[in-house]
Amino acid sequence: MTALTLSNVNKSFGAVHVLKDINLEVEDGEFVVFVGPSGCGKSTLLRVIAGLEDVSSGEVRIGGEVVNTTPPSKRGIAMVFQSYALYPHLNVRKNMSLALKQERQSKEVIEQRVAEATRMLNLEDYLDRYPSELSGGQRQRVAIGRAIVRHPKLFLFDEPLSNLDAALRMNTRLEIANLHQQLKTSMIYVTHDQSEAMTLADKIVVLKAGRIEQVGSPMELYNNPANKFVAGFLGSPAMNFLPAGLVSEGDERTLGVRPEDLVLAGDGPLKVTVQHVEQLGGDTNVIARIDDHQITARLFGQHVVQAGTELSFGIADGKSFYFDKDGARLRA
């Protein structure tokens with residue numbers, strides 16, 4: 001069964017057209033990530049799904065039911081915000097159980113669901129603490145637990161890791177992935193971080209300026225991007241873009257090559273001058289210039305390279321991408 005269907009969804013704020021003809025299906029149990037730069041419309045789209053914003057036109061279906069005029073509390077969704085949104089005067093147990101009390105669930109059901117969520121998120125030792133007594137990561141786990149207890153048809157996450165430091169982001173990301181494996185419930189997750197998108201998603205939806213640029217699995221989008229925008233957005237370090245004429249004289253296309261697909265070669269066509277070297281232990285990033293263009297090569301292992309050194313790179317077989325002047329993908 002399809003958990004969510006968006007059909008020709010548009011959203012405008014006055015004269016500003018924010019979402020443009022959005023069509024998308026999310027299957028039961030699927031983890032879908034909306035990703036794109038700031039201002040692309042991903043959070044607005046999540047709010048439209050949640051019912052926090054009305055659609056200007058089009059149709060939103062959750063579990064096969066049209067919910068355009070259904071209030072958020074009746075849509076069968078649970079939302080986790082970037083800001084945690086916990087009640088400071090309630091302890092963890094009461095924060096997690098409040099929505100169930102408002103739904104007039106029985107005491108037995110409330111206790112069972114809170115215990116279930118507490119176990120999943122390892123919060124047993126924090127039930128009597130207040131939000132001010134918790135770390136950022138613990139507060140976010142409580143916010144997720146508050147969503148879990150509602151047994152929603154659809155989980156919505158709005159940049160839930162943005163307020164956490166790097167180590168906590170990684171740990172909480174793993175917790176969310178494990179949670180999805182346990183619950184088997186459809187989840188939609190908004191982020192501007194392509195690393196989160198690549199590591200969490202079953203399916204990625206790349207947005208730009210209110211439109212869907214491409215939908216597919218992480219590896220589908222990475223290996224077969226539809227256009228220059230998607231190719232450059234996914235991957236770290238980002239894909240290199242160069243005039244194809246640097247490799248093939250007279251070629252007016254744009255050449256795209258990922259940093260890991262550049263190969264040191266004494267007779268390689270890309271003659272570069274090293275500007276900076278990032279020693280990462282397991283990898284070495286070489287940032288260099290070729291004519292007036294910057295290029296990054298990701299080399300496996302440790303390499304001693306000095307700034308100012310001249311190197312030659314080739315491109316791994318079958319790893320070149322080509323784009324026209326408008327950024328559309330071309331086949332070689």
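In the predicted model, the charged end of Arg258 is placed over the ring of Tyr222, at 3.8 Å from the ring centre. A second arrangement of this kind involves Lys11, which lies over the face of Phe13 at 4.8 Å from the centre of the ring.

Aromatic rings also associate with one another, and the structure holds five aromatic pairs. A pair of aromatic rings is described by the distance of the centres and the angle of the planes. For Phe31 and Tyr189, the centres are 5.9 Å apart and the planes enclose 45°, a tilted geometry. This pair links distant parts of the chain, since Phe31 belongs to strand β3 (residues 31-35) and Tyr189 to strand β8 (residues 186-191), with the two positions 158 residues apart in sequence. Phe31 has a relative accessible area of 1% and is therefore buried. Tyr189, at 0% relative accessibility, likewise counts as buried.

An edge-to-face pair is formed by Phe241 and Phe323, with 5.7 Å from centre to centre and 75° between the planes. Because Phe241 lies in strand β11 and Phe323 in strand β18 (residues 321-323), the pair ties together parts of the chain that are 82 residues apart in sequence. The burial of the two rings was also evaluated. Phe241 is partly exposed, at 24% relative accessibility, whereas Phe323 is buried, with a relative accessible area of 0%. Beyond the individual pairs, ring pairs link Phe31, Phe155, Phe157 and Tyr189 into a cluster.

Two members of this cluster, Phe157 and Tyr189, recur in the analysis of the nonpolar interior. The largest nonpolar core comprises 44 residues, of which Val33, Met96, Ile144, Ile148, Phe157, Tyr189 and Ile204 touch the most other members. With residues up to four places away in sequence left out, Phe157 is in contact with Leu46, Val80, Ile144, Ile176, Met187, Ile188, Tyr189 and Val190. A second core, separate from the largest one, consists of 28 residues, including Leu6, Phe34, Leu46 and Ala50.

Leu46 and Ala50 are also among the buried residues of helix α1, together with Lys42, Thr44, Leu45, Val48 and Ile49. Helix α1 (residues 42-50) is largely enclosed by the rest of the structure, because seven of its nine residues are buried. Immediately after α1, Gly51 adopts a positive phi of about 90°.

The strands were examined next. Strands of a sheet pair through backbone hydrogen bonds, either parallel or antiparallel. An open sheet of four strands has the order β11-β12-β18-β19, with antiparallel pairing. Its edges are formed by β11 (240-243) and β19 (329-330), each of which pairs on one side only. Strand β11 is joined to strand β12 (residues 254-257) over four bridges in the antiparallel sense, and Leu242 has Leu255 of β12 as its bridge partner. The edge-to-face ring pair described above thus involves two strands of this sheet, with Phe241 in β11 and Phe323 in β18.

Two antiparallel hairpins were also identified. In one, strand β9 (residues 203-208) and strand β10 (residues 211-216) are joined by five bridges, and Leu207 stands opposite Ile212 of β10. Two residues separate these strands, and Ala209 in the turn has a positive phi of about 50°. In the other hairpin, eight bridges connect strand β15 (residues 283-290) with strand β16 (residues 293-300). Here Ala288 stands opposite Ile295 of β16. The turn between β15 and β16 again has two residues between the strands, and Asp291 within it takes a positive phi of about 55°.

At the level of the annotated region, an unreviewed UniProt entry assigns "domain: ABC transporter" to residues 4-234. Over residues 4-234, the chain is 37% helix and 27% strand, and the C-alpha atoms at the two ends are 25 Å apart. Within helix α5 (residues 166-183) is Glu175, which counts as partly exposed because its relative accessibility is 27%. Glu175 and Asn224 are 49 residues apart along the chain, and their C-alpha atoms are separated by 29 Å.

Note on methods
Residues are numbered from 1 along each chain as its sequence is written. This is a predicted model: local features need pLDDT of at least 70, side-chain atom pairs count only at pLDDT 80 or more; totals for chains, interfaces and linings use all residues. Side-chain values use heavy atoms; hydrogens and water are left out. Two strands pair if DSSP finds at least two bridges between them. Buried means under 20% relative accessible area, exposed over 50%, partly exposed in between (1.4 Å probe, protein chains only). UniProt positions are given in the numbering used here, feature names are shortened, and annotations may be inferred rather than shown by experiment. A nonpolar core is a set of buried Ala, Val, Leu, Ile, Met, Phe, Trp, Tyr and Cys residues joined through side-chain atoms within 4.5 Å. Contact means heavy atoms within 4.5 Å. Rings of Phe, Tyr and Trp (its six-membered ring) pair if their centres lie within 6.5 Å; planes under 30 degrees apart count as stacked, over 60 as edge-to-face and the rest as tilted. A charge sits over a ring if NZ of Lys or CZ of Arg is within 6 Å of the ring centre and within 35 degrees of the ring normal.
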